[in-house]
Amino acid sequence: MAESPRLRPEDRADFEAVLHLALNTADIRGALDADPTGRTAARLRAHALAHADDIAAAAGEPYRSYLAVRNAARHEARGTRDTGSLLPALAVLTPLVAATSAGVLLLLGGLLQVAAAPGPLPGSLLAAGWTLALVAALTGLLALAALLRTALGRRGAPTAGRVEHARLAWQQALLDLGVLPHLRGQHALRPEAAMTPSSPPDTLAPCPARAGKDRTPCSD
């Protein structure tokens, strides 16, 4: 059996929220109300926070699943940021550069052809221009398809929803398996100050006149 992961610092706030919820459940709240000073509640809360790792270990499997989903979401987001800054730039620049170059070459080739320039230069410029125009059209279509695929992929994989579902499942397991059993076990050992002392014995002094015979209290 794998060892339960230790509670991450960023998850301490969730632990405290679950602890607050547990302290306000009906049975524990009713027992704590017997101590009007609030010391028992403070002692229980401090003890639970001090043993947060041990308590969270009871919900180790849901916590491990939550960490796995959260880490996967972070890696996915990091990869999207890394590629997101390059791919959109290439998707826009490649067709734009190709189209601009094609326009320049076609314009020069057309002017030289109108001017009846000798040699194969006008034809070469026109051929290169049409080639670049074709490249611009193809890269534009490919960029559009890539952007649509990325958008559909993000819509079909609601990462944030998966992370939140795993988080709520861990919190519920933490409450049911960890915090509530811990608090109930600790409350059974509440301090002696919260206990009602037994009634003291009869303190009536025996009548001095009969002290040698018996210890019956004086009636007058």
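Of the 220 residues of the protein chain, 25% count as buried in this predicted model. The accessible surface of the chain comes to about 14800 Å², and 65% of that area belongs to carbon and sulfur atoms. The chain contains 8 helices and 0 strands, and its pattern along the sequence reads α-α-α-α-α-α-α-α. Where contacts between residues at least 6 apart in sequence are considered, 75% join residues at least 24 apart.

Helix 1, spanning residues 12-23, has 12 residues and reaches 16 Å from its first C-alpha to its last, close to the 16 Å expected at 1.5 Å a residue. Its buried residues are Asp-14, Phe-15, Val-18, Leu-19, Ala-22 and Leu-23. Among these, Asp-14 has a relative accessible area of 10% and therefore falls under the 20% limit for a buried residue. Asp-14 forms a salt bridge with Arg-167, in which the closest N and O atoms are 2.8 Å apart; this pair links distant parts of the chain, with Arg-167 in helix 8 and Asp-14 in helix 1, 153 residues apart. Arg-167, in contrast to its buried partner, is partly exposed, with a relative accessible area of 23%.

Helix 8 (residues 159-187) also contributes to an aromatic pair, in which Trp-170 is joined to Tyr-66 of helix 5. A search of the whole structure finds 3 aromatic pairs. The pair of Tyr-66 and Trp-170 is stacked, with 5.7 Å centre to centre and 15 degrees between the planes. Because Tyr-66 lies in helix 5 and Trp-170 in helix 8, the pair ties together parts that are 104 residues apart in sequence. Both partners are buried, Tyr-66 at 4% relative accessibility and Trp-170 with a relative accessible area of 0%. Ring pairs further link Tyr-63, Tyr-66 and Trp-170 into a cluster.

Trp-170 is also one of the contacts of Ala-59, which, when neighbours within four places in sequence are left aside, is in contact with Trp-170, Ala-173 and Leu-174. Ala-59 is placed in the loop between helix 4 (52-56) and helix 5 (60-84), and it counts as buried at 0% relative accessibility. The C-alpha atoms of Ala-59 and Ala-169 are 9.8 Å apart in space, although the two residues are 110 residues apart in sequence.

The search of the whole structure finds 10 salt bridges. One of them joins the side chains of Arg-64 and Glu-61, at 2.7 Å from N to O; because these residues are 3 apart in helix 5, they are separated by about one helical turn. Arg-64 is partly exposed, with a relative accessible area of 26%, whereas Glu-61 is exposed, with a relative accessible area of 52%. Salt bridges that share partners also join Arg-6, Arg-12 and Asp-53 into one network. A further salt bridge is formed by Asp-33 and Arg-29, with the closest N and O atoms 3.4 Å apart; here Asp-33 counts as exposed at 52% relative accessibility, while Arg-29 counts as partly exposed at 29%.

At the surface, Val-104, Leu-107, Leu-108 and Leu-111 make a nonpolar patch of about 370 Å². Leu-111 lies in helix 6 (residues 87-114), and this residue is exposed, with a relative accessible area of 52%.

Conventions:
Residues are numbered from 1 along each chain as its sequence is written. This is a predicted model: local features need pLDDT of at least 70, side-chain atom pairs count only at pLDDT 80 or more; totals for chains, interfaces and linings use all residues. Side-chain values use heavy atoms; hydrogens and water are left out. Helices (H or I, at least four residues) and strands (E, at least two) are DSSP runs, numbered from the N terminus. Buried means under 20% relative accessible area, exposed over 50%, partly exposed in between (1.4 Å probe, protein chains only). Contact means heavy atoms within 4.5 Å. The expected span of a helix is 1.5 Å times one less than its number of residues. Patches are made of residues with over 30% relative accessible area and no salt bridge: like charges are joined within 9 Å, nonpolar side chains (Val, Leu, Ile, Met, Phe, Trp, Tyr) within 5 Å. Accessible areas come from the Shrake-Rupley method with a 1.4 Å probe; for residues, only the protein chains shown count as cover. A salt bridge is a side-chain nitrogen of Lys or Arg within 4 Å of a carboxyl oxygen of Asp or Glu. Rings of Phe, Tyr and Trp (its six-membered ring) pair if their centres lie within 6.5 Å; planes under 30 degrees apart count as stacked, over 60 as edge-to-face and the rest as tilted.
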